[in-house]
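Take a moment with the sequence and the model before reading on. The walk goes from the sheets to the ligand.

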Amino acid sequence: MFKKVLIANRGEIALRVLRACKELGIATVAVHSTADNSAMHVRLADESVCIGPPPSRDSYLNIPQILAACEITGADAVHPGYGFLSENARFADILDAHNITFIGPTAEHIRVMGDKIEAKRTAIRLGIPVVPGSAGAITEDGEAARVAAEIGYPVLIKAAAGGGGRGMKVARSEGDLATALATARAEAGSAFGDDSVYIEKYLEKPRHIEVQVFGDGAGNAIHLGERDCSLQRRHQKVWEEAHSPVLDAAARDKIGGVVANAMQALGYRGAGTIEFLYENGEFYFIEMNTRLQVEHPVTEAITGLDLVNEQIRVAAGDGLSLTQDQVRFQGHAIECRINAEDPRTFAPSPGQISYYHAPGGLGVRVDSGIYQGYSIPPFYDSLIGKLIVTGRTRAECLMRLGRALDEFVVDGISTTLPLFRDLVANPDIQAGNYDIHWLEKYLAGSGGHA
Ligand code: ADP
């Protein structure tokens, strides 16, 4: 097992990883920018190293500085969390070259799955169902028109290097195609420095359902069921559930089995998520994330497993702590992503927290690095915490979530808590009746929330 893990991240996920390390008796090193001197992960770590000024590219993305921090502190492994360097194959290679373990998959698997076209090819090869579309990148408009006519409009133009929903454009008819292609290419070029795009059938009313997988890198892989992340704004997840309100055990076992077999064939190591759109009872692969997800706690809630602990075990060569037969699902869990944002305009709301009270009680978990008096810096993403609630049934979970939201107080800044108080009382949400467009329509129709 590792002696000392450096956590190359910040905020709630740095704290999440730190907790798993402490429970395993592993010493922790926090790295931080000058904007994060008083962050909770820095306070709770055994050691901390300042790695640069506030902008992420100079600190949390600064590979030489992070490497230097490993060498100064003698860390023998790095946990990248999510975002930042978590899906950076070069970072994984560099650590490897320095005999420091990257707690994640191989650099090769990160590379393959990080290129959306290559990932889709791999998914097809492994027997995972995909969205109908172009076989590879589309290089000329004539080819785009041919593929679109074949799969039928509407179609979606997507960036090969995509992420965060950027570089995606819908074309409803052939007349829209040239503009959609040009805009998607331009957006992809400026966001990712790579303007390759491909085409997919645009699904009108899908749900977003993803399967959590784990491989040991030695040919064993298991699935831990699915999460339904259909409530999204601008392709960003807002609310996540496990299980999905629309899947039964047979459907879950089937897709889970397909995915676990695929990961076994790939020889995958560590935690991964296969994301699907789900419409009319069919799954369509959209991408694989080769890291821990923000929403992993809902899976932990219904399996009783510590996913970061599993990641560390696998990276240390100890294998998974259980087999597929030993995975047991119990109850229902929902996670709300609490952002420091205006609940009507979603404009970021950094600043000092004047009063803080987190909810508690049976089935309530809060993952957050904030505290009373803490100042949220304006340089990073606006997620300040996650509220995860568990119940024996979905109905009980919703009741408990409403109760926990009422107890939650964050003063001094704006947060998205009021949005969740509205959502939990909404009849469509209570019925589990929503697709990936529901939230945006709701926000447009109701004019937002005060
Ligand atoms: P990114 O890597 O940019 O997040 P994804 O491929 O994961 O891109 O897609 C993000 C979101 O865009 C999905 O969750 C879904 O809301 C929407 N989306 C992606 N592909 C399609 C499609 N073929 N039809 C309809 N919506 C899609």
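Two strands count as paired if DSSP finds at least two bridges between them. Keep that cut-off in mind for the sheets below. The model is predicted.

Start at the N terminus. Strand 1 covers residues 4-7 and strand 2 covers residues 27-33. The two are joined by 4 bridges and run in the parallel sense. Look for Leu6, which faces Val29 in strand 2. Now widen the view. Strands 1 and 2 belong to an open sheet of 5 strands, ordered 3-2-1-4-5. The pairing in this sheet is parallel. At its edges are strand 3 (47-52) and strand 5 (101-102). Each of these edge strands pairs on one side only.

A general point helps here. Strands in a sheet are paired by hydrogen bonds of the backbone, in either a parallel or an antiparallel sense.

The next sheet shows the antiparallel sense. This open sheet has 3 strands in the order 7-6-8. Which strands stand at the edges? They are strand 7 (169-171) and strand 8. Each has a single partner strand, so one side of each has no neighbour in the sheet. From one strand to the next, the twist averages 30 degrees. Strands 6 and 7 run antiparallel and are joined by 3 bridges. Within that pairing, Leu156 stands opposite Val170 in strand 7.

Now turn to the ligand. There are 22 residues around it, and Lys116, Lys158, Gly165, Lys201 and Glu287 come nearest. By type, the shell divides into 8 nonpolar, 7 polar and 7 charged residues.

Several side chains place an N or O atom close enough to the ligand for a polar contact, with the cut-off at 3.5 Å. In Glu200, such a side-chain atom is 3.0 Å from a ligand nitrogen. In His235, the distance is 3.0 Å to a ligand oxygen. In Glu287, the distance to a ligand oxygen is 2.8 Å. How much of the ligand does the protein bury? The ligand alone exposes 550 Å², and the protein buries 96% of that.

Which elements give two or more residues to this shell? They are strand 6 (155-159), strand 8 (197-201), strand 12 (269-279) and strand 13 (282-289). Strands 6 and 8 bring us back to the sheet with the order 7-6-8.

One last step places the ligand in the whole. Domain 2 (132-201) and domain 3 (207-445) both give residues to the shell, so the ligand lies between them.

Technical notes: Residues numbered from 1 in each chain as written. Predicted model: local features only at pLDDT ≥ 70, side-chain atom pairs only at ≥ 80, totals over all residues. Heavy atoms only, no water. Near = heavy atom within 4 Å. Polar contact = N/O pair within 3.5 Å; in protein donor to acceptor, adjacent residues only side chain to side chain. Areas by Shrake-Rupley, 256 points an atom, 1.4 Å probe, with all protein chains shown as cover. Nonpolar A, V, L, I, M, F, W, Y, C, P; charged D, E, K, R; others polar. Domains from an automatic or database assignment. Axes fitted to C-alpha atoms, helices over the stretch in contact; angles between N-to-C directions.
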